[in-house]
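Student: I have a model open and would love a close look at a single part of it. Could you walk me through one chain and then the place where it meets its partner?

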Amino acid sequence: MIEFWNSLHPLLQAVIKGLAVIGVMFPFGGACSLIERKISAAMQGRPGPNRAIPFWFAWVPVIGPFLQRLGVFHLMADGGKMFFKEDPVPGHVNKFYFYLAPVVGMIPALTTVTVVPFGAYLNEAGQLVPLVLANLDVGILAVFAVSSLGVYSLILAGWSSNSKYPFLGGIRASAQLISYELSMTLSVLPVFLWVNAPGGEGTLSLFHVVGAQDGAWFGLWMPLCAIIFLVALFAETNRLPFDMAEGEADLVGGFHTEYGAMKWGLFFVAEYSHMLIGSGVFVLLFLGGWNPLPWVPLSDVAAWLHLADQPLLLGLLSIGIFLGKTLFFIFLFMWVRWTVPRFRYDQVMKLGWQKLLPLALGNLIFYAILIAWLQPKFSH
Amino acid sequence: MPYVVERKPLTLSERLYFPQILAGMRVTLKHLFAPNVTMEYPEQRPAIPVGYRGVPTLVKDPHGREKCVSCQLCEFVCPPKAIRITPGEIPADQADRAHVEKAPKEFEIDMLRCIYCGLCQEVCPEEAIFLQNQYSLTGYTRAEMVNDKARLYELGGTLPDRHFKWDKKKSAAEARGHAAH
């Protein structure tokens, strides 16, 4: 199978990979919105969406009603509605940028997926090979660089809508994203300081970061980095308590107030993709990626389960472990959403610039010194 | 009198913020696994408490006789003027009600006007009109939302009667008649 894949034309490979990204991220975005509705409902003590069912599926015993209670068909109903409903474009918008904004939002969201490794398997030589669409050596840099392009979508949407609330939402979103970008980037530096030991080959690849976590996970001995990264991640993805950009109470819908139908849906898929990718990157950086437990790397598990010579099964196992951790973070996003109320805008700015940024800087200096002191002992 | 609410200075754990968030997350997690507090309406119906004021209806006495005597007190008392009564004579074929003075020929309650205040039930000297348990009333047209006499009796059914006022009146009148003779 792998031989067949390698024999394909690179262009064909790229097209298939591209379609795979779209084919995976869109349903994931939809599924996340359903999970969000279900979890929100459970936390508020109500059953959540549980009505929609195609009439022919209602005849299937047990499974039909079970899936109905789970609300699975609401997902399809919502998706179908989004595709087929009227797509209103208000008369006062700047049409070109108005149409452009959701697209600009989707592109970074779908592009960053390609550089995030989501699993690994052992090749014949017994080496771990990452499952990733584009194994770039700049890994994390590519993620940061491309995902921050997403802010253009919010600015464009807010500005081209040509009305007050979307404009305010766009401004807030861009200010917030730029503020937290700094602390986010600073908080991952200690990780890469450790991974790029002097004398070794320099790399920013996320795959190598996971490789460096065969023993202790970075989250265990760099908890402050992890926390700063997580807080910045909440801000970057515009999730509560940082959802300044939407803020239903004060800004109607924020930057997507004037949007409807699938254009609005694209914003949401982009938001959930950002959440997924952010969670994935967090898991890769601080929670050992596809290593099931601290000090228990994937290769050990492969040896116990005799999966070393079965790349397909091992690959699926590693994807399962990685996805499990990532989905926990998706849950965490929703969990926090129903726990912490929204910050005020000035509080967000204060937290970003006066608390998180100095903390990230101090943290960087502390770990730089610690790593300089520790690394010679480990390399010997 | 205005008074000043004293704001306590934040404790260390409050200023660190994270312990507070974790405490909050414990609460929300508890709610995640707590049983639902909502009722799935069309399948599950709420228990109607005694004295509930639902849709006003006309009731019959245990003998299946019409109780309303068309006195029109409810029509007069009705604050939104939802009730319209056309008084009429007792039908000739109801011999056992011949001593009752009147009966409604037509009785209409416009449910688009009704405010469920229950004054009609309160004012009725015959205990003929009751706000019962039905709370869900829908229709496609305005005309559908006007309950006529037949519909009101259908909704109302029969309620137990403690007095049988007109039976007593009749027997009293008969006793008086016997005494006079």
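Student: Among contacts in chain B between residues at least 6 apart in sequence, what share join residues at least 24 apart?

Tutor: Happy to, and please keep in mind that this is a predicted model. In chain B, 72% of the contacts between residues at least 6 apart in sequence join residues at least 24 apart. The chain is built from six helices and five strands, and along the sequence these run in the pattern α-α-β-α-β-β-α-β-β-α-α. As for overall shape, chain B has a radius of gyration of 28 Å, whereas a compact globule of 181 residues would have one near 16 Å. Its C-alpha atoms fill a box of roughly 100 × 45 × 30 Å along the principal axes. Of the 181 residues in chain B, 18% are buried.

Now to the partner. The contact draws eleven residues from chain B and ten residues from chain A. On the chain A side, helix 2 (10–43) and helix 15 (311–337) each supply at least two residues. Sorted by class, that side of chain A has seven nonpolar, two polar and one charged residues.

Helix 15 of chain A deserves a little more time. At 1.5 Å a residue, its 27 residues should span 39 Å, and this agrees with its end C-alpha atoms, which are 39 Å apart. Its buried residues include Leu314(A), Ile321(A), Lys325(A), Phe329(A) and Met334(A). Among the elements that cover the buried residues of helix 15 are helix 2, strand 1 (119–122), helix 13 (261–286) and helix 14 (298–305) of chain A.

Notes: Residues are numbered from 1 along each chain as its sequence is written. Chains are lettered from A and ligands numbered from 1 in the order in which they are written. This is a predicted model: local features need pLDDT of at least 70, side-chain atom pairs count only at pLDDT 80 or more; totals for chains, interfaces and linings use all residues. Helices (H or I, at least four residues) and strands (E, at least two) are DSSP runs, numbered from the N terminus. The radius of gyration is taken over C-alpha atoms; the globule rule is 2.2 Å times the number of residues to the power 0.38. A residue is buried if 20 or more other C-beta atoms lie within 10 Å of its own, exposed if 12 or fewer, and partly exposed in between; C-beta atoms are placed from the backbone. Two residues are in contact if their C-beta atoms, placed from the backbone, lie within 7 Å. Ala, Val, Leu, Ile, Met, Phe, Trp, Tyr, Cys and Pro count as nonpolar, Asp, Glu, Lys and Arg as charged, and the others, Gly among them, as polar. The expected span of a helix is 1.5 Å times one less than its number of residues.
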